[in-house]
Amino acid sequence: MYDDESRVAGMLCVVTEVTERVIGERRLRVLGDLASCAVGVQRVEEACRRACEVLARYPLDVPFAALYLFDDAAQPARRVASAGAATARVLPVSLAVDDAPSPWSLHGLLASEAVQQIDDLPGRGVELAAEPWRDRVKQALVLPLKASGPGWRAC
C-alpha cells in the first residue's frame with residue numbers, strides 16, 4: 001500500500017488459517033494407524049506393543065504413552081509397552097493398585113472405570129519432556145482399556 005506521496009505505507013497479507021484442519025487430519029491418521037496395527041494380532045502384549053509403536057510416530061499428538069496389563073489375580077500391573085523417548089526410564093515397570101504415593105491413580109481408575117486426569121506431574125515427581133520440545137509434561141490421562149478376553153484389563 002502506498003501513501004499520497006507514493007511511499008510504501010503498509011502491506012496487505014491475506015492468509016488462510018489451516019492449523020485446526022492439519023491437526024485434525026493428523027489425529028485421524030493416528031486413529032487409522034492404530035486400527036490397522038491391530039489386524040492379525042493374537043496376543044494382548046503384541047497389540048500393546050504395536051499400538052505404542054504407532055503412538056511413537058506421532059509425538060506432536062501423544063508425547064508419551066505406556067500400557068500396563070494386569071489381571072484380577074496378578075498384582076501389580078506390569079508395563080508391556082511404551083512410547084516416547086523418556087518413558088522407559090521415567091515411568092515405573094510396574095504399578096500397584098494400592099500405591100498411595102503413586103501419581104498414577106490406578107485405584108481411582110479401577111473404582112470408577114473412567115478416565116483419570118493427573119495434574120501437576122512435575123510436582124508428583126514425574127519429569128517427562130513433551131518432545132520434540134523441551135517443555136515438561138504437566139498433565140496426563142490414565143485411561144481404562146477393556147480387553148475382550150476374560151480377566152485381562154489394561155491402563
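The exercises below, each with a worked solution, concern a predicted model of a protein chain.

**Exercise 1. Determine how many helices and strands the chain has, and in what order the elements run from the N terminus.**

Begin with the count: the chain has 4 helices and 7 strands. Next, follow the elements from the N terminus on, which gives the order α-α-β-β-α-β-α-β-β-β-β. For the chain as a whole, buried residues make up 28% of the 155 residues, and the exposed area is about 10400 Å², of which carbon and sulfur atoms supply 55%. Finally, among contacts with a separation of 6 or more, 44% are accounted for by residues 24 or more positions apart.

**Exercise 2. Identify the residues that touch the most other members of the largest nonpolar core, and state which elements give two or more residues to this core.**

As background, in soluble globular proteins nonpolar side chains tend to be buried together. In this model the largest nonpolar core holds 19 residues, and those touching the most other members are Phe64, Leu91, Trp104, Leu121 and Leu128. The elements that contribute two or more residues to this core are strand 1 (65-71), helix 4 (106-112) and strand 5 (140-142); of these, strand 1 gives the most, with 3 residues. A second core, separate from this one and made of 13 residues, includes Cys52, Val54, Tyr58 and Ala65.

To see the surroundings of one member of the largest core, take Leu91 and leave aside its neighbours within four places in sequence: the remaining contacts are with Phe64, Ala66, Tyr68, Arg79, Trp104, Val126 and Leu128.

**Exercise 3. Decide whether Cys48 and Cys52 are bonded or too far apart for a bond, and whether each is buried or exposed.**

The test for a disulfide is a pair of cysteine sulfur atoms within 2.5 Å. For Cys48, the closest cysteine sulfur is that of Cys52, at 7.0 Å, and this is too far for a bond. Approached from the other side, the sulfur of Cys52 finds its closest cysteine sulfur in Cys48, again at 7.0 Å. The count by this rule therefore comes to 0 disulfides. As for accessibility, Cys48 counts as buried at 7%, and Cys52 counts as buried at 1%.

**Exercise 4. Work out which parts of the chain are linked by the salt bridges Arg26 to Asp61 and Glu45 to Arg78, and how accessible the four residues are.**

The count of salt bridges comes to 12. In the pair of Arg26 and Asp61, the closest N and O atoms are 2.6 Å apart. Arg26 belongs to helix 1 (residues 19-37), whereas Asp61 sits in the loop between helix 2 (44-56) and strand 1, so that the pair, 35 residues apart, links distant parts of the chain. Both partners are buried, Arg26 at 17% relative accessibility and Asp61 with a relative accessible area of 18%.

In the pair of Glu45 and Arg78, the closest N and O atoms are 3.0 Å apart. Here Glu45 is in helix 2 and Arg78 in strand 2 (residues 77-83), 33 residues apart, and the pair again links distant parts of the chain. Glu45 is partly exposed, with a relative accessible area of 22%, and Arg78 is partly exposed as well, at 35%.

Two further cases complete the solution. Asp3 and Arg7 meet through their side chains in a salt bridge with an N to O distance of 3.2 Å, while Glu46, Arg49, Arg50 and Glu53 are linked in a network of salt bridges.

**Exercise 5. Locate Glu113 and Asp120, and state what phi value each has.**

Glu113 is placed in the loop between helix 4 and strand 4 (116-118), and its phi is near 50 degrees, a positive value in a residue other than glycine. Asp120 lies in the loop between strand 4 and strand 5, where its phi, near 55 degrees, is likewise positive. On accessibility, Glu113 counts as partly exposed at 40%, and Asp120 is partly exposed with a relative accessible area of 47%.

**Exercise 6. Name the residues that make the nonpolar surface patch of about 340 Å², and place Leu145 in its element.**

The patch is made by Val115, Leu141, Leu143 and Leu145. Of these, Leu145 is found in strand 6 (residues 145-146), and at 37% relative accessibility Leu145 counts as partly exposed.

Notes. Residues numbered from 1 in each chain as written. Predicted model: local features only at pLDDT ≥ 70, side-chain atom pairs only at ≥ 80, totals over all residues. Heavy atoms only, no water. Core = buried A, V, L, I, M, F, W, Y, C linked by side-chain atoms within 4.5 Å. Buried < 20%, exposed > 50% of the residue type's maximum accessible area, 1.4 Å probe, protein only. Contact = heavy atoms within 4.5 Å. Patch = residues over 30% accessible without salt bridge, like charges linked within 9 Å, V, L, I, M, F, W, Y side chains within 5 Å. Areas by Shrake-Rupley, 256 points an atom, 1.4 Å probe, with all protein chains shown as cover. Salt bridge = Lys/Arg side-chain N within 4 Å of Asp/Glu carboxyl O.
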